[in-house]
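Colleague: Please take a close look at one helix for me. Start there, and then carry on to the sheet and the cavities.

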Amino acid sequence: MVTGNHTATPGFILLGYSNLTNLQGLLFVVFLVIYIVILLGNGVIVLVTVLDSALHTPVYFFLRNLSFVEICYTSVTLPKMVANCLAEDGSISFIGCAAQMYFLLLLGGTECFLLAAMAYDRYIAICNPLHYTLIVNREVCARMVAGSWLVNIPVHFGQTYLVFSLPFCESREINHFFCDIPPLLELSCVDTYRNKIALFMAVLLFIVIPFILIVISYIKIASTVLKRPSSEGRHKIFSTCSSHLTVVILFYCSGMIAYLRPKSRNSEDTEKLLSLFYTIVTPLFNPFIYSLRNKEVKASLRKLVGKK
């Protein structure tokens, strides 16, 4: 039991946009509709890529896993955000906060690696097409997906332990939608330098390095494509990569800005806005980006609907 100015806090209060008292009903409806659309949209992609044998290829294997992660990712935060729009205090238990943060970090890190794996898949398919089936086979795909999960599990367990072993002061108010490392560190009564270094290293490992690998992959893809004489062929290849690039820009850029930008007293609202992009906007637009611009997915959807 921590004594003095510290407290072994029984829980926390997620403030979110609780200051907008007149808009809580509207926010409840908006967040609920967004959550339902995310579940349905990503669920359809998972279903279609499982049922249609024509989509049993590496690119759709990764897309199926990405959509599954998006469903889990939003399910960690959005239901609580919806409930807090109606609740008076937005409280969350100590264990609940720790669990929410752990799974948020785990799923976010897994998504970073999956997006990098998808970039690698496109790189091999475009730059080394003759050996594509040998290099990116079913076993390799399964190992990359499993590795994306297994690398994250122990690291983020350690991150969560470091944060929740800290003594917290009397204030239990987290100025955020969900439990995350930066706002929780602000509640600690002791020096959090070690935690900030651990967070910085985790951002480098799970966000910056995968993003650099994606950039390198697309530089090589662009170099290969620009050498092709046919403008129609170049346009077709670039259009197949545009969906993945759009998701990468939305997810990585908002995540890196949120975790790497200098903190200030007036940055809380900006951080909350950025968090909406990588926790809500990306999962929301993911199914539309990949289905509306993908002829194979649209054809599979029509076949699935036609069977019914």
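**A bend, a sheet and a cavity**

Modeller: Helix α2 bends by about 40 degrees at Ser75, and a proline, Pro79, follows within four residues. This is a predicted model, and the bend is a computed value for it. The helix covers residues 58–86, 29 residues in total. At 1.5 Å a residue it should span 42 Å, and the C-alpha atoms at its ends are 43 Å apart, so the expected and modelled spans agree.

Next, the sheet. Three strands form an open sheet in the order β3-β2-β5, and the pairing is mixed. β3 (91–93) and β5 (173–174) are the edge strands; each has a single partner, so one side of each is left without a neighbour in the sheet. Strand β2 (residues 11–14) runs parallel to β5 and is joined to it by two bridges. In one of the pairings, Leu14 has Ile174 of β5 as its bridge partner. Helix α3 (residues 94–127) lies across β2, β3 and β5, at about 85 degrees to β3.

Helix α3 also leads to the cavities. Two cavities of 30 Å³ or more turn up in a search of the whole structure, and the largest has a volume of about 260 Å³. Its lining is made up of 19 residues; nearest the centre are Leu105, Gly108, Gly109, Ile207 and Tyr259. Two or more lining residues come from each of α3, α5 (138–164), α7 (193–226) and α8 (231–260). Helix α3 therefore appears twice here: it lies across the three strands and contributes to the lining of the largest cavity.

How values were computed:
Residues numbered from 1 in each chain as written. Predicted model: local features only at pLDDT ≥ 70, side-chain atom pairs only at ≥ 80, totals over all residues. Heavy atoms only, no water. Pairing = 2+ DSSP bridges. Contact = heavy atoms within 4.5 Å. Axes fitted to C-alpha atoms, helices over the stretch in contact; angles between N-to-C directions. Expected span 1.5 Å × (residues − 1). Bend = angle between axes of the 7 residues up to and from the residue. 1 Å grid on protein atoms, 1.4 Å probe; cavity = no way out; pocket = protein on both sides within 12 Å on 5 of 7 lines; lining within 4 Å. Points joined across faces, edges and corners; volume = space filled by probe spheres on them.
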